[in-house]
Amino acid sequence: MTSIATNLQAVNARIAAAAKACGRMPGDIQLLAVSKTWPAECVAEAADAGQRAFGENYVPEGSDKAATLAERQLTWHFIGPLQSNKTRLVANAFDWVHSIDRLKIAERLSAQRDVGRPPLNVCLQVNVSGEASKSGVAPEEVAALAQAVSVLPGLRLRGLMAIPEPTDDLSVLKQRFGQVRALRDALNGEGMALDTLSMGMSHDLEAAIAEGATMVRVGTAIFGARA
Ligand SMILES: *Cc1c(COP(=O)(O)O)cnc(C)c1O
């Protein structure tokens, strides 16, 4: 086996163990392999080992890889900061966008998604770390943004995404992830049907799964340390 295949096996084992530890089904948590900075050959190696969903942060890099590997029918998730002059490319090169933090970006993605294709799956990125993080919509503004995004015809609102500030303090991580879940539960209580909590990375996926993550975004533990 290649090292990427070995690493994937280890990450899937961590996901399964974390799920069992809190009484969840491992199959309810999807692994998103974050391939930013790694060449298409590495993505192909992961795909050969059975991985189907990949996350990218940079628009030209991610859309180039998706085009190179188009015949493999992988699922591509855009997870990085998105500027309005890049939405057209993202609207059609990707299947998901996790980093929606304002209505203008969502409106552009909706309008620019090719007619005839299924709606683009989106998550709202929530800033659960306050001053310690710049990206994401403030928790108190999530409900209004969710309402506005949910009616855009080119998008399908799937859930919430968050990146807590880096910390080794497990209680802080659980508090952050738990806040994202509570926000999602509140929206569902008001009639939405959000099925996705995109949270947890290489170093904190266990805490995220304990707090309800349905999709973990893992780069380093699969592909190695980025340059
Ligand atoms: C890079 C990145 C990841 C993966 O982080 P690792 O620590 O390498 O697992 C996950 N989510 C986002 C938004 C990222 O930018």
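How far from an oxygen atom of the ligand does a polar side-chain atom of K36 lie? The distance is 2.7 Å. This comes from a predicted model. The exercises below start at that lysine and work outward.

**Exercise 1. Place K36 in the chain and decide whether it is buried or exposed.**

Solution.
- Step 1: find the segment. K36 sits in the loop that runs between β1 (30-34) and α2 (40-48).
- Step 2: check the record. An unreviewed UniProt entry annotates K36 as "modified residue: N6-(pyridoxal phosphate)lysine".
- Step 3: apply the cut-off. Buried means under 20% relative accessible area. K36 has 15% relative accessibility, so it counts as buried.
- Step 4: list the contacts, setting aside neighbours within four places in sequence. K36 is in contact with G55, E56, N57, Y58, E61, K65 and R226.

**Exercise 2. Describe the surroundings of the ligand.**

Solution.
- Step 1: name the residues around the ligand. They are V34, K36, N57, I79, I163, M201, S202, R217, V218, G219, T220 and R226.
- Step 2: pick out polar approaches. An N or O atom in the side chain of N57 is 2.7 Å from a ligand oxygen atom. G219 uses its backbone: a polar atom there is 2.8 Å from an oxygen atom of the ligand.
- Step 3: ask how much is covered. The ligand alone exposes 390 Å², and the protein buries 90% of that.
- Step 4: cross-check with Exercise 1. N57 and R226 are contacts of K36, and N57 and R226 are also among the residues surrounding the ligand.

**Exercise 3. Which residues touch the most other members of the largest nonpolar core?**

Solution.
- Step 1: take the core. It has 64 residues.
- Step 2: name those that touch the most other members. They are V97, L109, L124, L160, V216 and I222.
- Step 3: note the second core. Another core, of 8 residues, lies apart from the largest one, and L32, V34, C123 and M215 are among its members.
- Step 4: follow one residue, L109. Not counting neighbours within four places in sequence, L109 is in contact with L82, T87, V90, A91, V97, I100, L120 and L155.
- Step 5: widen to the helix. L109 is one of the buried residues of helix α5 (residues 103-112), with I105, A106, S110 and Q112. The buried residues of α5 pack against α4 (87-93), β4 (96-100), β5 (120-125), α6 (142-150) and β6.

**Exercise 4. Work out what E165 does with its side chain.**

Solution.
- Step 1: locate E165. Its loop lies between β6 (155-161) and α7 (170-189).
- Step 2: judge exposure. E165 counts as buried because its relative accessibility is 15%.
- Step 3: find the polar partners. The E165 side chain makes a polar contact with the side chain of S129 at 2.4 Å. Another polar contact, at 2.7 Å, joins it to the side chain of R176.
- Step 4: add the remaining contacts. Beyond four places in sequence, E165 is in contact with S129, A132, V172 and R176.

**Exercise 5. Trace the ends of the annotated domain.**

Solution.
- Step 1: read the record. UniProt (unreviewed entry) lists residues 7-226 as "domain: Alanine racemase N-terminal".
- Step 2: compute its make-up. This stretch is 41% helix and 17% strand, with its end C-alpha atoms 15 Å apart.
- Step 3: inspect N7. It belongs to helix α1 (residues 3-21) and is partly exposed, with a relative accessible area of 26%.
- Step 4: look across the chain. N7 and I222 are 215 residues apart along the chain, yet their C-alpha atoms are separated by 5.0 Å. Leaving out residues up to four places away, N7 touches A221 and I222.

Key:
Residues are numbered from 1 along each chain as its sequence is written. This is a predicted model: local features need pLDDT of at least 70, side-chain atom pairs count only at pLDDT 80 or more; totals for chains, interfaces and linings use all residues. Side-chain values use heavy atoms; hydrogens and water are left out. UniProt positions are given in the numbering used here, feature names are shortened, and annotations may be inferred rather than shown by experiment. Helices (H or I, at least four residues) and strands (E, at least two) are DSSP runs, numbered from the N terminus. Buried means under 20% relative accessible area, exposed over 50%, partly exposed in between (1.4 Å probe, protein chains only). Contact means heavy atoms within 4.5 Å. A residue is near a molecule or strand if one of its heavy atoms lies within 4 Å of it. A polar contact is a pair of N or O atoms within 3.5 Å; within protein, one must be able to donate a hydrogen and the other to accept it, and residues adjacent in sequence count only if both atoms are side-chain atoms. Accessible areas come from the Shrake-Rupley method with a 1.4 Å probe; for residues, only the protein chains shown count as cover. A nonpolar core is a set of buried Ala, Val, Leu, Ile, Met, Phe, Trp, Tyr and Cys residues joined through side-chain atoms within 4.5 Å.
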